[in-house]
Protein chains: 2
Amino acid sequence: MELGTADPDVTKVGWIGTGVMGLSMCRHLIDAGYQMTVYSRTRERSAPLLDAGAKWGASPADVASSSDVVFSIVGYPDDVREVHLGQKGTLKTARPETILVDMTTSRPALAGEIFEAARAKNVHSVDAPVSGGDVGAKNGTLSIMIGGEKGAVSAVGPLFEKLGRTIIHQGPAGAGQHTKMANQILIATNMIGVCESLLYAWKSGLDLDTVLQSVSSGAAGSWSLSNLAPRIVRGDFAPGFFVEHFVKDMAIALEESARMGITLPGLALSHQLYSELMAQGGARQGTQALQLALARMSGMEWGQAAPG
Amino acid sequence: MELGTADPDVTKVGWIGTGVMGLSMCRHLIDAGYQMTVYSRTRERSAPLLDAGAKWGASPADVASSSDVVFSIVGYPDDVREVHLGQKGTLKTARPETILVDMTTSRPALAGEIFEAARAKNVHSVDAPVSGGDVGAKNGTLSIMIGGEKGAVSAVGPLFEKLGRTIIHQGPAGAGQHTKMANQILIATNMIGVCESLLYAWKSGLDLDTVLQSVSSGAAGSWSLSNLAPRIVRGDFAPGFFVEHFVKDMAIALEESARMGITLPGLALSHQLYSELMAQGGARQGTQALQLALARMSGMEWGQAAPG
């Protein structure tokens with residue numbers, strides 16, 4: 001099987017996990033002409049894909065039994081483990097030379113474990129978490145960070161190109177997950193700065209939109225500042241990316257850091273502050289809702305205190 | 001005097017402070033045809049400007065006695081105080097309607113104090129700190145954050161336009177300094193993220209340049225990541241912006257935060273980490289040298305440990 005050059009019409013692809021990200025991503029592959037078999041824990045979540053021509057698989061094992069490549073993008077590392085290593089997991093039925101591609105943000109060590117379990121059955125495994133959020137998934141502009149063996153990564157390349165724009169092979173199994181952790185560490189501390197800066201600016205009596213004009217394009221500029229600060233200013237805390245998922249990612253990065261013997265005090269602080277936000281009921285808000293927890297630490301309610 | 005419409009040849013401008021920033025900025029005004037009188041604590045520092053046609057002023061008071069507008073950009077708030085309020089300060093000699101423009105990053109409250117002292121003599125005062133660093137000063141592309149009365153700010157507009165690209169009036173006296181603090185708060189925490197992410201990525205065995213390709217253009221992206229992370233990777237800790245000046249700025253922001261009754265734990269952490277770096281001898285390194293302090297916290301020497 002040479003996926004890199006295969007006619008899409010004869011490549012059978014499985015897709016496991018149809019949340020906001022998975023739905024958009026799977027649809028790109030349907031649109032590209034691949035024969036898709038999908039599975040989600042709740043079948044209704046897959047309905048739009050089934051309507052668009054995908055077949056239903058009754059379990060991850062069922063999906064894998066009829067696929068050359070199986071993608072997964074689910075919630076937590078435990079879900080990833082169940083999907084690939086569980087009783088009805090992909091490795092129960094995957095044929096030799098099948099390629100498993102987990103795009104969930106998950107533990108690097110688990111990516112290594114799946115890689116080894118797959119290799120024992122002559123199956124390939126690739127970890128390929130993404131950044132770019134729901135918008136990137138919808139527009140096919142994700143950044144895909146890839147770990148795994150070169151041959152398998154190359155074989156899946158044409159499919160990745162339907163999903164993302166920045167597609168980079170970072171190293172062996174787990175390297176995709178490690179790169180995603182590096183990505184989340186950057187966001188974690190920067191979000192503290194964005195929210196603290198807005199709190200300071202507001203409390204010192206400045207007009208927040210005017211401040212953003214001064215600070216957004218220079219040395220203080222960032223994607224989060226340009227994209228999330230305006231939402232914070234207008235009190236919009238709807239999720240682009242859920243707080244509870246971000247807390248999961250930071251917990252993984254902290255576990256890995258402890259294992260590797262490095263201390264990351266900024267990441268630890270961010271994890272703590274976001275955990276406070278979750279304890280205050282913010283689990284399903286967007287990550288920009290950190291502003292609410294920070295304001296409360298200073299005895300304020302952002303929504304009421306700050307100018308709209 | 002209507003500076004906004006004045007022929008540059010008849011506008012007399014004073015310039016106090018000829019460090020890296022001040023030298024480049026003053027030169028732009030010389031090039032634009034303004035009659036400049038300059039003062040610096042060490043006369044030799046002004047030599048390039050005197051060679052280019054500026055006159056020497058023996059003190060800030062001497063500069064002010066022959067100027068319609070007096071700019072200052074010096075080191076610390078105490079220097080600002082001496083330049084404008086001291087025994088040989090500008091307010092000793094400034095004539096009514098003179099405009100003082102302090103571009104040092106300094107205490108918002110001090111900007112207010114100078115404004116009041118100036119007003120008592122019918123002199124105008126504007127606080128106008130900048131961001132954009134030595135490169136922005138050289139290229140005339142600074143972001144200028146302005147506090148003061150509208151009339152004075154407008155009058156100095158044509159001069160600001162020779163120095164910067166993003167020129168925004170943020171509010172009354174002190175508002176420029178507060179906006180600069182908001183800017184530094186953003187940078188402070190983001191720098192922690194940049195350095196922690198690189199430490200994590202290196203320790204997990206990734207190739208740092210390849211990681212930067214994946215993370216720089218997406219949701220984790222920032223000016224600091226694009227501009228400073230590559231220097232960190234190649235072990236270049238030469239100053240674009242001195243650690244000791246950054247620590248000064250963060251200390252001001254923390255003082256102001258305490259005065260306003262807000263807690264900024266990310267800023268406090270960054271101030272602490274940069275203070276560690278200073279204690280380790282890093283005062284005159286660039287802000288990206290935070291990487292060295294963070295690596296040492298984990299028992300490593302970045303220069304020897306990291307590839308590149």
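**Figure 1. Burial and overall dimensions of chain A in the predicted model.** Of the 308 residues in chain A, 58% are buried. The surface that chain A exposes amounts to about 11400 Å², and carbon and sulfur atoms supply 50% of that area. The C-alpha trace spans about 65 × 45 × 35 Å along its principal axes. Chain A contains 14 helices and nine strands. Its radius of gyration is 21 Å, close to the 19 Å given by the globule rule for 308 residues, so chain A is as compact as a globular protein of that length. Among contacts in chain A with a separation of 6 or more, 68% join residues 24 or more positions apart.

**Figure 2. Relation between chains A and B.** Chain B is superposed on chain A by a rotation of 180° with 0.0 Å of shift along the axis, and the RMSD is 0.0 Å. The two copies are therefore related as by a two-fold rotation axis. The same surface serves both copies, since 100% of the contact residues of chain B recur in chain A. Within chain B, the residue that comes closest to the rotation axis is B:Ser222, whose C-alpha lies at 1.9 Å.

**Figure 3. Surroundings of B:Ser143.** B:Ser143 belongs to strand S8 of chain B, which covers residues 142-147. With a relative accessible area of 5%, under the 20% limit, B:Ser143 counts as buried. Apart from neighbours within four places in sequence, B:Ser143 is in contact with B:Pro129, B:Val130, B:Ser131 and B:Thr166, and also with A:Ser214. The side chain of B:Ser143 reaches the backbone oxygen of A:Ser214 at 3.1 Å.

How values were computed: Residues are numbered from 1 along each chain as its sequence is written. Chains are lettered from A and ligands numbered from 1 in the order in which they are written. This is a predicted model: local features need pLDDT of at least 70, side-chain atom pairs count only at pLDDT 80 or more; totals for chains, interfaces and linings use all residues. Side-chain values use heavy atoms; hydrogens and water are left out. Copies are superposed by least squares on the C-alpha atoms of residues with pLDDT of at least 70 in both. Contact means heavy atoms within 4.5 Å. Helices (H or I, at least four residues) and strands (E, at least two) are DSSP runs, numbered from the N terminus. Buried means under 20% relative accessible area, exposed over 50%, partly exposed in between (1.4 Å probe, protein chains only). A polar contact is a pair of N or O atoms within 3.5 Å; within protein, one must be able to donate a hydrogen and the other to accept it, and residues adjacent in sequence count only if both atoms are side-chain atoms. The radius of gyration is taken over C-alpha atoms; the globule rule is 2.2 Å times the number of residues to the power 0.38. Accessible areas come from the Shrake-Rupley method with a 1.4 Å probe; for residues, only the protein chains shown count as cover.
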